[in-house]
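Reader: I am new to reading protein models, and I would like to understand how the descriptive words are earned. Could you take me through a few of them with care?

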Amino acid sequence: MMVFLVTCFLFFVFKRGTKKINFIFNFKIISIITLWVFINTHILHLDKIDNSYLDYIFYLIGSGLAVTVFDFENFRFKLLKYLAYLSFISIIVQVWHDYFGLGSTFVNIPGNDGWAMSLYFFNTEWGENRLASIFWEPGQYQIVLIFVMGLFYKEMLDPFTLKPYLKHLLILTIALIMTISTSGYIAFGILISGAIVNSAYGRKHIYLLPLLSFLAFSIFLLLWNSDAVQKKIAQGEVNEENSFNIRMADNLALLTMVGNKPVFGYGAGTKSAEDAKNKFGSISQSNGWLRSAAENGTPYVLYILVLIYSSIKRRVHIVSAALFLLFAFILSQSGEGNTYFPYTYMYVFKYCTQQT
């Protein structure tokens, strides 16, 4: 986290050349969120037991500084290209491991159980031949894939402009399928459904809207009825500690915490927050939006979501399309606990080139 922050700061200092209006906009966001988290942790709650609240601040500041000096088109194309390279290599390594005998080495990571890594870099043994790439689990990987795909949502609404990015997006789609992530499948279904319903062709031929809606719904239904999704749902019928039951316990516990303290939450890294999570049965705090609301209050989460929606709306100019993509992001991040990671802030801050 510190390396990320320092790197972004140095990049900001040496790159410069930013539009003043965008820097002021981004600086205001950084200031508002930083003050909210800091006051919430150090003034409103006096039982801080660790510095985990800095996750919300350091990733925010680093991302804001970097985005301010990035050209949007250059940034998103390079990000897509390098993630496609990583995904392509990850797919090869995963297939090599699953079907052609590539071994793995257990890497012990202080503070957790460690991972079985192939080539000391790829997390290849997540069970059921699931693709996790360099991330700690497939669920985190699918979030990165969904959020990067979202940068090209405007082009998805007009497929004729999608051609320069198509091969890279295809690799990301294959990688997403190989994660076998329920949240990823549902989020992808919503993303594609929104693209179909709000496509340029669909808006031009409004009489085809029922057919396009049916096609979008069919894609969503196909993903919903996939083995991966149905197996996860079926886990709820078994009284044991599995992915479905853990996440349901997390959701119920975090919802209870949000209901008890909706405005300011329990604070991040406070004793009262940890006691409440244990009391109400949260095992892994796996729902990022609910975790953020439980720790920093619902105004914090609503502010982030409004900023993300506004950013999407500036690019696609269609309210319903923006809502589809926002909903896909919410669903994608509902299975992992870290909404403060940099991919979220790609949609919060303005780049040095104003998007229209």
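Author: Let us begin with angles between helices: those under 35 degrees count as roughly parallel, those over 145 as roughly antiparallel, those from 65 to 115 as roughly perpendicular, and the rest as oblique. The model is a predicted one, in which local features need pLDDT of at least 70 and side-chain atom pairs count only at pLDDT 80 or more, while totals for chains, interfaces and linings use all residues. Residues are numbered from 1 along each chain as its sequence is written, and side-chain values use heavy atoms, with hydrogens and water left out.

Reader: Why are α4 and α7 called oblique to each other?

Author: Helix α4 (residues 72–100) and helix α7 (residues 166–179) pack at an angle of about 45 degrees, with their axes 9 Å apart; axes are lines fitted to C-alpha atoms, for helices over the stretch in contact, and angles run from 0 to 180 degrees between N-to-C directions. An angle of about 45 degrees lies in none of the named ranges, and α4 and α7 are therefore oblique. Residues that meet there include F77, L80 and F88 in α4 and L169, I171 and M178 in α7, where contact means heavy atoms within 4.5 Å.

Reader: How do you know that the length of α16 agrees with that of a helix?

Author: Helices (H or I, at least four residues) and strands (E, at least two) are DSSP runs, numbered from the N terminus, and the expected span of a helix is 1.5 Å times one less than its number of residues. For the 14 residues of α16 (residues 319–332) this gives 20 Å, and its end C-alpha atoms are 20 Å apart, which agrees.

Reader: What makes the buried residues of α16 line one face of the helix?

Author: Buried means under 20% relative accessible area, exposed over 50%, and partly exposed in between, with a 1.4 Å probe and protein chains only. In α16, the buried residues are A321, A322, L325, L326, A328, F329 and S332. Seen down the axis, they fall within an arc of 155 degrees, so they line one face of α16; the arc is that of the directions from the helix axis to the C-beta atoms. What covers them includes α5, α8 and α15.

Reader: Which word describes how α15 is set against α16?

Author: α15 and α16 pack at an angle of about 135 degrees, with their axes 9 Å apart. That makes α15 oblique to α16. Among the residues making the contact are L305 and I312 of α15 and L325 and F329 of α16.
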